[in-house]
Amino acid sequence: MPEFELTASPSPEELAVITDALSAFNNADLGPSDRRPLAVLIRDTDGKVTGGLSGFTAWGWLFTQMLYIPDTLRGTGISGNILAKAEEEARARGCRGAWIDTFSPQALRAYLRQGYEVFGELKDFPEGRTRSFLRKSL
């Protein structure tokens with residue numbers, strides 16, 4: 001019988017066993033994902049990264065994992081420009097769609113302005129907020 005260990009501090013090697021095994025399973029089941037990182041970086045005048053978008057493309061979709069706009073640039077439309085750059089690259093990679101999630105009401109409004117549509121929600125995640133899942137055809 002297998003043993004189970006609950007841990008809040010797995011090693012990178014332990015996590016790699018799970019990631020590698022799941023990737024191999026998915027590749028056999030669905031074909032290669034062609035997963036590739038994608039980032040759009042915001043740099044200040046000194047070249048220091050101050051924000052931007054981080055995500056990846058896989059199986060014909062762009063997933064934006066993180067999008068951070070520094071306080072001084074919020075409300076300037078920069079998030080739309082960054083999303084557009086990421087979507088342009090995703091199209092060049094052959095992607096047919098994009099998805100993102102958020103629990104920020106401000107970010108939700110920005111994504112809706114960019115043509116994303118809500119396809120799912122988790123109420124009270126985190127408590128008092130709704131986590132919205134959005135998609136867009138590319």
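## Core and pockets

This is a predicted model, so keep the filters in mind: local features need pLDDT of at least 70, side-chain atom pairs count only at pLDDT 80 or more, and totals for chains, interfaces and linings use all residues. Numbering runs from 1 along each chain as its sequence is written, and side-chain values use heavy atoms, with hydrogens and water left out.

The largest pocket is lined by 26 residues, and Leu-67, Ser-104, Gln-106, Ala-107 and Tyr-111 lie nearest its centre. Strand 3 (61-68), helix 2, strand 4 and helix 3 each give two or more residues to that lining. For the second largest pocket, helix 1 (12-30) and strand 2 (49-58) each supply at least two lining residues, with helix 1 giving the largest share, six.

| Pocket | Volume | Lining |
|---|---|---|
| Largest | about 590 Å³ | 11 nonpolar, 11 polar, four charged |
| Second largest | about 220 Å³ | five nonpolar, five polar, one charged |

A pocket here is an open set of points on a 1 Å grid over the protein atoms alone, where a 1.4 Å probe fits, with protein on both sides within 12 Å along at least five of seven lines; lining residues have an atom within 4 Å of a point.

Now the largest nonpolar core (buried residues, under 20% relative accessible area with a 1.4 Å probe, joined through side-chain atoms within 4.5 Å). Among its 18 residues, Leu-53, Ile-82, Tyr-111 and Tyr-116 touch the most other members. Helix 2 (78-92) is one of the elements supplying at least two residues, and its five are the largest share. Leu-53 has contacts (heavy atoms within 4.5 Å) that include Leu-38, Val-40, Met-66, Leu-67 and Ile-82, leaving aside residues up to four places away in sequence.

Methods
Buried < 20%, exposed > 50% of the residue type's maximum accessible area, 1.4 Å probe, protein only. Helix = DSSP H or I, 4+ residues; strand = E, 2+ residues; numbered from the N terminus. Points joined across faces, edges and corners; volume = space filled by probe spheres on them. Nonpolar A, V, L, I, M, F, W, Y, C, P; charged D, E, K, R; others polar.
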